[in-house]
Structures are given as structure tokens and as C-alpha cells.
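Biologist: Could you walk me through this one slowly, since I am still learning to read structures?
Modeller: Of course, let us put it on the screen.

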Amino acid sequence: MRKIKERICRDIKNLWPAAAAVVVSIILSNIIFHAFCPMVVLTGIPCPGCGMTRSLFLLLTGRVGLSVRMHPMGLPVACIILYFMWNRYILGRMAKGIKFLIVLVIILLIVLYCIRMYRFFPYREPYVYMEDNILAKILPFYEQILHSLKIL
């Protein structure tokens, strides 16, 4: 048990600046743009991971069906996180095959994104267009371009 605590404390000590920067950027982004996904904030268009945070929260609160509906990759991502943490903190070793699993999840995220964007964008959460985005503010013709490309 002591080694587990040491591993966790070492990771917290090494990663706290990066974690703090992420938390601050999320808070500022939420305050300024009412969203924390950089792609949504910049373009107004959801990214492949949009809905993942809500999916993981729903999973943690036991609402598996809603979690899968919000983002079907939430459950596989949670399993990979648990697998990684089990190996790193409990067993004290590198998780075998973790790089392969991460690449596989990224590929599946992109494929699923294309399918969901085709089926649901811009009418179903989380695949909606955020009008209050940076490009729309900077470029007055940005939304016209999206309409001409039949994105909106």
C-alpha cells in the first residue's frame, strides 16, 4: 500500500504544473466562451471527443445507457484508464499494449466522429454548432463558408 501511495505522490509532484495549466485553461474557457473544447471554441464545430467528459461523468454515476448515448467511446476510454492505473499504481509496471489501445481508440473515435457528424450534426447534443466561436467573430463570412460547404 505504501508503494502505491508513493507512485501516486510522485506522479502528482511531476504532473501538477501541467494539470494546473489544464484546469486554469478549462475554467477560463468556460468563463469566456461557455465551452472548454478548443475546437468548438475556435470553429464552433464539435471535435471527435465532444461529449466524452459528459459520457465519463454519466458512467461514474452509474448511468451506463446515457453514457453510451452521449459518447459510445466513453466506456472503452474508461476501461483503458482503469487498465493503465491498475498497472501503474497497483502492479507498478507499464501497461502492456497501452500504445496499441490508445491508437485503436483514436482510430475508432475518428470513424465514429464521421458517422455521428453525418447523422446528427447540427441537431443533436453534443453535435451542435456553437455560433459564439472565435472564427465567426473574426471573419464575418465564416458562417457563409460553412453554409456553402453544406456544413451548416
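Modeller: What follows is a talk about a predicted model, going from its helices to its cysteines and then to some backbone details.

Biologist: Let's start with H5, then. How many residues does it have, and how far does it reach?
Modeller: Helix H5 covers residues 74-91, which makes 18 residues, and it reaches 24 Å from its first C-alpha to its last, close to the 26 Å expected at 1.5 Å a residue.

Biologist: Which residues of H5 are buried, and what do they pack against?
Modeller: The buried residues of H5 are Gly74, Val77, Ala78, Ile80, Asn87 and Tyr89, and they pack against helix H1 (2-33), helix H3 (52-60) and helix H6 (98-120).

Biologist: How do people describe two packed helices?
Modeller: Two packed helices are described by the angle between their axes and the distance between those axes. For H1 and H5, the axes come within 8 Å and cross at roughly 115°.

Biologist: Which residues of H1 and H5 meet there?
Modeller: On the H1 side they are Ile4, Arg7, Ile8 and Asp11, and these meet Arg88, Tyr89, Ile90 and Leu91 in H5. Sorted by class, the residues of this contact between H1 and H5 are five nonpolar, no polar and three charged.

Biologist: And how are H3 and H5 arranged?
Modeller: H3 and H5 pack at an angle of about 70°, with their axes 9 Å apart, and the two helices are therefore roughly perpendicular to each other. In this contact Met52, Ser55, Leu56 and Leu59 of H3 meet Gly74, Leu75, Val77 and Ala78 of H5, and by class there are six nonpolar, two polar and no charged residues.

Biologist: You listed Asn87 as buried; what does it touch?
Modeller: Asn87, which is found in helix H5, counts as buried at 2% relative accessibility. If we do not count residues up to four places away in sequence, Asn87 touches Gly92, Arg93, Met94 and Ala95. Gly92 is also the residue that follows H5, and its phi is positive, near 70°.

Biologist: OK, on to H6. Which of its residues are buried, and what covers them?
Modeller: In H6 the buried residues are Ile98, Val105, Leu109, Leu112, Tyr113, Arg116, Met117 and Phe120, and what covers them includes helix H2 (38-43), H3, H4 and H5. As for its length, the 23 residues of H6 should span 33 Å at 1.5 Å a residue, and its end C-alpha atoms are 31 Å apart, which agrees.

Biologist: Since H4 came up, is Ser67 in H4 buried or exposed?
Modeller: Ser67, which lies in helix H4 (residues 64-70), is buried, with a relative accessible area of 0%. Leaving out residues up to four places away in sequence, Ser67 touches Ser55, Leu58 and Leu59.

Biologist: Changing topic, how many disulfides does the structure hold?
Modeller: The structure holds zero disulfides.

Biologist: Why is there no bond between Cys50 and Cys47?
Modeller: The closest cysteine sulfur to that of Cys50 is the one in Cys47, and at 3.6 Å it is too far for a bond, because a disulfide needs the two sulfur atoms within 2.5 Å. Cys114 is in no disulfide either, as the nearest cysteine sulfur, that of Cys47, is 13 Å away. Cys50 counts as buried at 9% relative accessibility, whereas Cys114 is partly exposed, with a relative accessible area of 49%.

Biologist: What about the backbone, then: where are the cis peptide bonds?
Modeller: One cis peptide bond runs from Phe121 to Pro122, with omega near -5°, and another joins Glu125 and Pro126, with omega about 0°. Pro122 lies in the loop between H6 and H7, and Pro126 also lies in the loop between H6 and H7.

Biologist: And what is the phi of His34?
Modeller: His34 has a positive phi of about 65° although it is not a glycine; this residue lies in the loop between H1 and H2 and counts as exposed at 62% relative accessibility. Lys150 is another residue other than glycine with a positive phi, near 60°, and it lies in the segment after helix H8 (142-148), where it is exposed, with a relative accessible area of 73%.

Notes
Residues are numbered from 1 along each chain as its sequence is written. This is a predicted model: local features need pLDDT of at least 70, side-chain atom pairs count only at pLDDT 80 or more; totals for chains, interfaces and linings use all residues. Side-chain values use heavy atoms; hydrogens and water are left out. Helices (H or I, at least four residues) and strands (E, at least two) are DSSP runs, numbered from the N terminus. The expected span of a helix is 1.5 Å times one less than its number of residues. Buried means under 20% relative accessible area, exposed over 50%, partly exposed in between (1.4 Å probe, protein chains only). Contact means heavy atoms within 4.5 Å. Axes are lines fitted to C-alpha atoms, for helices over the stretch in contact, and angles run from 0 to 180 degrees between N-to-C directions. Ala, Val, Leu, Ile, Met, Phe, Trp, Tyr, Cys and Pro count as nonpolar, Asp, Glu, Lys and Arg as charged, and the others, Gly among them, as polar. Angles under 35 degrees count as roughly parallel, over 145 as roughly antiparallel, 65 to 115 as roughly perpendicular and the rest as oblique.
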